[in-house]
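Here is a set of short exercises to work through with the model open beside you. Try each task yourself before you read its solution.

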Amino acid sequence: MSALFSPIKLAGLELPNRLVVSPMCQYSADDGSASDWHMMHLGMLANSGAALVIVEATGVERRGRITHGCLGLYSDDNELALARVIQQCRRRGTAKFGIQLAHAGRKASAQKPWDGGVALTKGQDPWPTIGPSAVTYGENWHTPAMMTEADMTCVCDAFVSSAKRALRIGFDEIELHMSHGYLLHSFMSPISNMRTDAFGGTMDNRLKFPLEVARAVRTVVPKNVPLGARITGSDWRQGGLTPDDAVTIAKSLKAAGIDFVCVSSGAITFDTRTPTEPGYNVAISEKVRREAGIPTRAVGLIFKPQQAEAIIAEGQADQIAMARAFLDDPHWAWHAAKALGAEVLRPQQYLRVGPKLWAPAAASA
Ligand SMILES: Cc1cc2nc3c(=O)[nH]c(=O)nc-3n(C[C@H](O)[C@H](O)[C@H](O)COP(=O)(O)O)c2cc1C
């Protein structure tokens, strides 16, 4: 009996296995609106066998997108375009769908990775960015304007408005992006938050704005719809957030009504180096799960079925989020199920692929 392929219930959402496709920016939207590429990309992942697919970081404000090509949910056009894609994926696929709501903060106004991935230059239609403090992400990055309390109210309202749009589209789950150096993470980290007011200094103060956002979004997301957050397990920098801080963050988010956390790490500054060993966030996920008493998702260089199976079986996480492995093999979960002697949902058109195909009689026929 595979632990990875055992069911789980998060709030009112029942999932047949523990596999989650991690959010992945596609840089292929038009003023925030999903395109045919999203139909192909998410359609492919809808039948990957993962129980849940999380749509990429989706800007709650136009200025909160990372690049000109990033997805948004700040206009009626955005909502209509994403609804078209998600309705098709839900109708044709086996997976449930979640969305990651995000604000890029001081990492906004950047080039797509294949155009360089650094700050947009003068001729590339850059826009003004915001952050907790006027501190850049790296050399030659835009200096963000230090946010006023009015700015915070505006961004908080935008998260709520986007969450309402996501619910209207029919998303099964919502995840708030609080990692990878984007706005909410940049408030939490002492590396990027230099404020001397009520939103800076102590951990309690640095958490104040992200918790306000979490509580505000929770008021509009019904209890049966899981609301989670992707958090930072470590800034991997002297003076930055640590795994102990991640426990504090998770406990506070839990008290604010968050149902689960996905434990990621890194990217608070341009030159931060994230570890490269398999499962580098898993021990932090285990610590957060044990000490904060909240369901966790582990992510980061998990790519082998036995590795994922062991993480769930040993109680280091409740779910496994995987990004690159699902791009490399969009039927990764089918192959993992085969390796672990488990079954997985397949669309009826593909039902002839399955245990019968691998049986010795079929192999010799
Ligand atoms: C193409 C690509 C786009 C990504 N976009 C996002 C994103 O939108 N939001 C996010 O939280 N992480 C994003 N990530 C990070 C992944 O979700 C994941 O945390 C990271 O790749 C580590 O997992 P992996 O080793 O399974 O790829 C992205 C990664 C890739 C490869």
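**Exercise 1. Leaving aside the neighbours within four places in sequence, find which residues V288 is in contact with.**

Solution. Keep in mind that you are looking at a predicted model.

Step 1. Select V288 and skip its neighbours within four places in sequence; the contacts are then A246, V247, A250, V261, V263, G293, I294 and T296.

Step 2. Now put V288 in its wider setting. The largest nonpolar core has 93 residues, and V288 is listed with F97, F209 and L253 as those with the most contacts inside it. Helix 3 (residues 149–169) gives the most to this core, namely nine residues.

Step 3. Look for another core. A second, separate one has 13 residues, including C70, A119, L120 and A267.

Step 4. Link this to a general trend: in soluble globular proteins, nonpolar side chains tend to be buried together.

**Exercise 2. Check whether the span of helix 6 agrees or disagrees with what its 13 residues should give, then find its buried residues and what covers them.**

Solution.

Step 1. Helix 6 runs over residues 243–255. The expected span is 1.5 Å times one less than the number of residues, so its 13 residues should span 18 Å. The end C-alpha atoms are 19 Å apart, which agrees.

Step 2. List the buried residues of helix 6: A246, V247, I249, A250, S252 and L253. As you look at their numbers, recall a general rule: an α-helix has 3.6 residues a turn, so residues three or four places apart point the same way.

Step 3. See what lies over these buried residues. The cover includes helix 4 (183–188), helix 5 (203–220), strand 9 (227–232), strand 10 and helix 7.

**Exercise 3. Is I258 buried or exposed, and which residues is it in contact with?**

Solution.

Step 1. Walk along the chain from helix 6. Just after this helix, G257 takes a positive phi of about 105 degrees. I258 lies in the loop between helix 6 and strand 10.

Step 2. The relative accessibility of I258 is 3%, and because buried means under 20%, I258 counts as buried.

Step 3. Leaving aside neighbours within four places in sequence, I258 is in contact with L176, A214, L227, G228, A229, L253 and I294.

Step 4. Try one distance as well: V217 is 41 residues from I258 along the chain, and their C-alpha atoms are separated by 9.7 Å.

**Exercise 4. Search the whole structure for aromatic pairs, and describe those that involve F270.**

Solution.

Step 1. The search of the whole structure finds seven aromatic pairs. One of them joins Y137 and F270: the centres are 5.9 Å apart and the planes make 75 degrees, an edge-to-face arrangement.

Step 2. Place the two rings on the chain. Y137 lies in the loop between strand 6 (130–131) and strand 7 (145–146), while F270 lies in the loop between strand 10 (260–264) and helix 7 (282–292), so this pair ties together parts that are 133 residues apart in sequence.

Step 3. Compare accessibility. Y137, at 9%, counts as buried, whereas F270, at 46%, counts as partly exposed.

Step 4. Move to W141 and F270. This pair is tilted, with 5.9 Å centre to centre and 50 degrees between the planes. It links distant parts of the chain, 129 residues apart, with W141 in the loop between strand 6 and strand 7. W141 is buried, at a relative accessible area of 8%.

Step 5. Put the pieces together: ring pairs link Y137, W141 and F270 into a cluster.

**Exercise 5. Which charged residues lie over the faces of F199 and W334?**

Solution.

Step 1. Over the face of F199 you will find K208, 4.6 Å from the ring centre.

Step 2. Over the face of W334 you will find R346, 4.9 Å from the ring centre.

**Exercise 6. What sign of phi do H180 and L301 have, and where do these residues lie?**

Solution.

Step 1. Start from the general pattern: most residues other than glycine have a negative phi.

Step 2. H180 is not a glycine, yet its phi is positive, about 60 degrees. H180 is in the loop between strand 8 (173–177) and helix 4.

Step 3. L301 is not a glycine either, and its phi is positive too, at about 50 degrees. L301 sits in the loop between strand 11 (296–299) and helix 8 (305–313). At 24% relative accessibility, L301 counts as partly exposed.

Note on methods
Residues numbered from 1 in each chain as written. Predicted model: local features only at pLDDT ≥ 70, side-chain atom pairs only at ≥ 80, totals over all residues. Heavy atoms only, no water. Phe/Tyr/Trp six-rings, centres within 6.5 Å; stacked < 30°, edge-to-face > 60°. Helix = DSSP H or I, 4+ residues; strand = E, 2+ residues; numbered from the N terminus. Buried < 20%, exposed > 50% of the residue type's maximum accessible area, 1.4 Å probe, protein only. Lys NZ or Arg CZ within 6 Å of the ring centre and 35° of its normal. Contact = heavy atoms within 4.5 Å. Core = buried A, V, L, I, M, F, W, Y, C linked by side-chain atoms within 4.5 Å.
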